[in-house]
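The following exercises concern the architecture of one chain and its contact with a partner. Each task is followed by a solution in steps.

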Amino acid sequence: MTTQPTDQLGTQITAAPGTQEVVISRVLNAPREIVFRAYTDPVLLARWLGPREYELIVERFEPWSGGSYRYFNVDANGNRYAFSGVCHDVSAPERIIQTFEFEGLPERGHVSLDTALFEALPDGRTRVTTKSVFQSVADRDAMIASGMEWGVRESYERLSELLPELLAQ
Amino acid sequence: MDFLSATFSALADPTRRSIVDRLTRGAATINELAEPFAMSQQAISKHVAYLERAGVVTKQRIGRQHLCQLRPGAIEEVAIWAERYRQLWESRFQRLDAVLVELVAEASPPLSPSPISKSRRERA
């Protein structure tokens, strides 16, 4: 199914039941050369990729064809969650194809193949479309389910930020 | 299997997705559901039973017929599942928005232009 946001700039996601794919698309208010930089500069990447309450530490980041990467999300208790993969094709400023794996799963090898396309739009904006293909429907569903946990946590955070306001009224 | 896993595996089959799609337009009997498919009623009944176990469809006996309909809320719960993953990405992209604002500002000419370029702009 496709979830359409009300905001025109908002993230769109397509995850049809029973398929191995997730497609995520978002329009960004910057030229694609600059967007591409934010995806391939490890210092910049660390500022936006991780979940809000985690610190993102980049161990290795080689954004070129044949390069590889590994980074950690570190939570408030110092627990590390590692992610790694290989950059299959990096063609600035239009395309990145890479593998992606969460190393914290009970068994290794649940890898997805992620293709990010950067499309230049009029007015100097850019549409980024990322298609992830997982090895099984179960892998795909587990990935979305993990996002669901984060989503819930972030919702609670937003709620707790909102509560003082509501209580003051 | 939790509710969402059950729903997703129920919807993983194209015939069952077509049945659900048909039921979004209103209740139908097994006969009516079987019509568009080159399948026996018995095969369709099995698919409906699967959807029933997953909590997507409810079945009600009316005379000799079984009337099938969507369980209210079932599809919305699946939509919410994807919606939360969407929100995770949206919050990520919002942080990226903030990074891009800085990068665009760095790449643009300085905000306070020199007197010459300012007067040029005013003439333009």
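**Exercise 1: The sheet**

In this predicted model, chain B holds an open sheet of three strands in the order 1-3-2, with antiparallel pairing. Determine which strands of chain B are the edge strands, and how strand 1 is joined to strand 3.

Solution.
1. An edge strand pairs on one side only; in chain B this applies to strand 1 (28–29) and strand 2 (57–62).
2. Strand 1 of chain B runs antiparallel to strand 3 (residues 65–70) of chain B, and two bridges join them.
3. Within strand 3 of chain B, the residue opposite B:Ala28 is B:Cys68.

**Exercise 2: Helices on the sheet**

State which strands helix 2 and helix 4 of chain B touch, and give the angle for each helix.

Solution.
1. Helix 2 (residues 14–23) of chain B packs on the sheet and touches strand 1, strand 2 and strand 3 of chain B. The direction of helix 2 makes about 85° with that of strand 3 of chain B.
2. Helix 4 (residues 41–53) of chain B also packs on the sheet, where it touches strand 2 and strand 3 of chain B. The direction of helix 4 makes about 120° with that of strand 2 of chain B.

**Exercise 3: The chain as a whole**

Describe the order of elements in chain B, its burial and its contacts.

Solution.
1. Chain B contains six helices and three strands, and along the sequence they follow the pattern α-α-β-α-α-β-β-α-α.
2. Of the 124 residues of chain B, 26% are buried.
3. Among contacts in chain B with a separation of 6 or more, 51% come from residues 24 or more positions apart.

**Exercise 4: The side facing chain A**

Establish how many residues each chain brings to the contact, and which helix of chain B gives the most.

Solution.
1. Chain B brings 27 residues and chain A brings 31 residues.
2. On the side of chain B that touches chain A, helix 1 (3–11) and helix 5 (74–107) each supply at least two residues.
3. Helix 5 of chain B gives the most to this side, with 22 residues.
4. By residue class, this side of chain B comprises 16 nonpolar, two polar and nine charged residues.

**Exercise 5: Confidence**

Report the predictor's confidence in chain B and in the complex.

Solution.
1. The average pLDDT of chain B is 80, and 77% of the residues score at least 70.
2. In residues 117–124 of chain B the pLDDT is below 50; this stretch has two contacts in the model beyond near neighbours in sequence.
3. For the complex, the predictor gives an ipTM of 0.78 and a pTM of 0.67.

Key:
Residues are numbered from 1 along each chain as its sequence is written. Chains are lettered from A and ligands numbered from 1 in the order in which they are written. This is a predicted model: local features need pLDDT of at least 70, side-chain atom pairs count only at pLDDT 80 or more; totals for chains, interfaces and linings use all residues. Two residues are in contact if their C-beta atoms, placed from the backbone, lie within 7 Å. Helices (H or I, at least four residues) and strands (E, at least two) are DSSP runs, numbered from the N terminus. Ala, Val, Leu, Ile, Met, Phe, Trp, Tyr, Cys and Pro count as nonpolar, Asp, Glu, Lys and Arg as charged, and the others, Gly among them, as polar. A residue is buried if 20 or more other C-beta atoms lie within 10 Å of its own, exposed if 12 or fewer, and partly exposed in between; C-beta atoms are placed from the backbone. pLDDT is the predictor's confidence in each residue, from 0 to 100. Two strands pair if DSSP finds at least two bridges between them. Axes are lines fitted to C-alpha atoms, for helices over the stretch in contact, and angles run from 0 to 180 degrees between N-to-C directions.
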